[in-house]
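User: I should like to learn how to read sheets, helix packing and ligand surroundings in a structural model. Could you take me through them one at a time?

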Amino acid sequence: MTFREPSREKKQADNFEHVLENSRHQGCRIAFVNQISFNEPMGIGYISAYLKAHFPDLAIEFFHVDANTVDHLRQFKPNFVLYSLMTGIHIREFERVRHIKRSIGPHISVLGGPHITYFPQSVTQEGVDIACQGEGELPMKSLFSAVRDGMDIRKINGLWIKDGDELHQNPVEYLVPELDELPFPDRDLYYGKSDFLRKYGRKPVVGARGCPFKCSYCYNSGLNKIFKSKGKVLRNRSPESVVAEVMQLKERYATPFVAFIEDVFSGVRLSWLQEFQERYASVQVPFYISIRAEFVTSEIARTLKKSGCVSASMAVEHGDYEYRKEYLFRKMTDEKLIEGTRILESEGIRVASPIILGMPFSGIEGDLKTLKLVARSRPTHATTAIFQPYPGTALTELCREKGLIDATNMDHLPDNFFSSPNVKGVEYPQVIKLHNSFSVILLLHRWFHWDVETLFHRLPNSVFIRLLNVFLKYITFKQIIGYKRGWWEVWSEIYQGIVTGVFDVGISLKRKSPKLIDHPVRPVSK
Ligand code: B12
Ligand code: SF4
């Protein structure tokens, strides 16, 4: 494919060759640039560990985004700068890439992460040289060995490369077949730059990759299409490997709590879980998992508890069975969701129920059904997000087909799950009111047995209710995180949570009281 914008592209091509030549003779200097929140950038940690294992001579450093990033980069003089992008933060990141490209010496910028996997054409953005689709380990290894050996880098699987006026679109690489063969993520890469992250007690561990389900709003359904016939979708690590990583965390950082952040915990297979339980007995660090209601049986819950599991995220998403089946491609019944929560909670595993409000074709009536279902299932913590139409997913495509969003929608998505995007027909004022009072309603219902729908209509959308809601969310979230924390950790977490928007406080307070719409929009037929 030809890509033209002659003068700038000619300059870029010379730059490209010059950087490759320099890297070959003077060695590669790789800078990862990323914003630190209280969640670790695990993807970057994995790539760094893999590169260090294969190329011990590479100089690799992490740069947290702050006012001094450019100065620090100038001192480091990288010839490759690597960025990780998710949809919602992509516009901000493209600006950052441009700014850094103009501000420091010649270098090649490489972008990867979930957004780039869906949109490798982002390579045509100004300042971007290479876009990596999918898992970064194998393509990055091929890239840096080609650079070292003076080979052509333009034909590497997994990479789209902009070289002057040419765009090389290579096919995707195979998925990493054996996760046990990957080194543990290089956490010291970013702990060295963030005391907060190093000391933070809740450490993420990725015990598996991929999800075979097809939920219509989720990244995985599209991902699995892109990587069709490129290896097994769901890959579990062995219990031995997972336990060894947690042991290392405990010994190196005195880790008090682990969150397994894979989409569905491997321990839903009883044989895996039993072996894990035996091996994990020597570690004894309490942990959190994600599970689907269909997998919860009494035996699984008991074995999980015996292993050290203290909390589980089990998504409800929407409270109407027909809607879940028809629009979300999630066929679990209400009874299954209620039973799953009951089994886990009765074994002493606290349940967090993620919910998505403001779904298209649902109407506020659908959201109120969700509220009722959650009031019946009684999880410890309910966390509400507002639907964001992430591009490439089946539900977003349906929204587009039905004219609820337009083609430019993606570039207006917020960088969080709590602000309203612009999906026509969704009654955002009502949705936001419910989001702002969800936990308060559940608490009042639990204490006084008042009807949840009446509570929703009667409660004012005041700053007090919003603050109380955030406070209750935080208190119940603390119960999900099952370890005792010092003041330092609690305050740092609150600070980071507010600054990064994860706790939704800033957004809740900034948001004006919505003007309520009189005529609810009816669900649009599919
Ligand atoms: C933990 C998590 C978070 C954490 C931390 C994210 C982080 N810093 O890594 C928090 C809570 C902050 C978060 C926030 C968001 N998240 Co999130 N998150 C996840 C989760 C559950 C795990 C991520 C992870 O560590 N995976 C394991 C690692 C090994 O995989 P990975 O990150 O994908 O990295 C691999 C490749 O992507 C690639 N890669 C990644 N970066 C780079 C960089 C380069 C240079 C290269 C070459 C390759 C490369 O190589 C890596 C190794 O193989 C995923 C779900 C999932 N299954 O991945 C969602 C997920 C990534 N999040 C998602 C989204 C949308 C978001 C938000 C944008 C949502 C929102 N609007 O609020 C926000 C962003 C907010 C913000 N301000 O940044 C979507 C992304 C979809 C998309 N189209 O972009 C996912 C896939 C969830 C989903 N199922 O839809 N998230
Ligand atoms: S089960 Fe979870 S991770 Fe898997 S497709 Fe559905 S929403 Fe995505």
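Analyst: The dialogue below goes through the sheets, then a helix pair, then the ligand surroundings. Please keep in mind that this is a predicted model.

User: In what order do the strands of the seven-stranded open sheet lie, and how are they paired?

Analyst: A sheet is best read from one edge to the other. Here the order is S2-S1-S3-S4-S5-S6-S7, and the pairing is mixed. At the edges are strand S2 (59-64) and strand S7 (166-169), each of which pairs on one side only. Direction ignored, neighbouring strands of this sheet are turned by 20 degrees against each other on average.

User: How many bridges join strand S1 to S2?

Analyst: Strand S1 (residues 29-34) and S2 run parallel and are joined by six bridges. As a point of reference in this pair, Asn34 stands opposite His64 in S2. The connection between S1 and S2 passes through helix H2 (residues 42-54), and this β-α-β crossover is right-handed.

User: What is the bridge partner of Val110 in S5?

Analyst: The partner is Ile130. The strands concerned are S4 (residues 108-112) and S5 (residues 130-132), which run parallel and are joined by two bridges.

User: Which strands stand at the edges of the six-stranded sheet, and why is one side of each without a neighbour?

Analyst: The order of this open sheet is S8-S11-S12-S13-S14-S15, with parallel pairing. Strand S8 (202-205) and strand S15 (381-386) are at the edges; each has a single partner strand, so one side of each is left without a neighbour in the sheet. The average turn between neighbouring strands of this sheet is 20 degrees, direction ignored.

User: Which residues would help me follow the pairing from S8 towards S13?

Analyst: One may step from strand to strand through bridge partners. S8 pairs with strand S11 (residues 257-260) in the parallel sense over four bridges, and the bridge partner of Pro204 in S11 is Ala259. S11 is joined in turn to S12 by two bridges, again with the strands running parallel, and Ala259 stands opposite Tyr288 in S12. Between S11 and S12 the chain crosses through helix H11 (residues 270-280) in a right-handed β-α-β crossover. Strand S12 (residues 287-290) then pairs with strand S13 (residues 309-313) in the parallel sense over four bridges, where Tyr288 stands opposite Ser311.

User: Across which strands does helix H19 lie?

Analyst: Helix H19 (residues 463-480) lies across S12, S13, S14 and S15, and runs at about 120 degrees to S15.

User: How is the packing of two helices described?

Analyst: The description rests on the angle between the two axes and the distance between them. In this model, helix H14 (residues 334-346) packs with helix H15 (residues 363-377) at an angle of about 35 degrees, and their axes are 9 Å apart. The crossing of H14 past H15 is right-handed. H14 contributes Asp334, Leu337, Ile338 and Thr341 to the contact, while H15 contributes Leu373, Arg376 and Ser377. By class, the residues of this contact are three nonpolar, two polar and two charged.

User: Which residues come nearest to ligand 1, and which element supplies the largest share of its shell?

Analyst: A ligand shell may be read by its nearest residues, by the elements that supply it and by residue class. Of the 39 residues around ligand 1, Asn39, Gly43, Ser84, Gly112 and Gly136 come nearest. H2 gives the largest share of the shell, five residues. Elements that each supply at least two residues include H2, S4, helix H6 (137-149) and helix H9 (219-226). The shell divides into 21 nonpolar, 14 polar and four charged residues.

User: Which residues are around ligand 2?

Analyst: Around ligand 2 are Cys211, Phe213, Cys215, Cys218, Asn220, Asp263 and Arg292. By class, this shell comprises four nonpolar residues, one polar residue and two charged residues.

Note on methods: Residues numbered from 1 in each chain as written. Chains lettered and ligands numbered in written order. Predicted model: local features only at pLDDT ≥ 70, side-chain atom pairs only at ≥ 80, totals over all residues. Axes fitted to C-alpha atoms, helices over the stretch in contact; angles between N-to-C directions. Left-handed = near helix turned anticlockwise from the far one by under 90°. Contact = placed C-beta atoms within 7 Å. Nonpolar A, V, L, I, M, F, W, Y, C, P; charged D, E, K, R; others polar. Pairing = 2+ DSSP bridges. Right-handed = clockwise from strand over helix to strand, strands pointing away. Near = placed C-beta within 6 Å.
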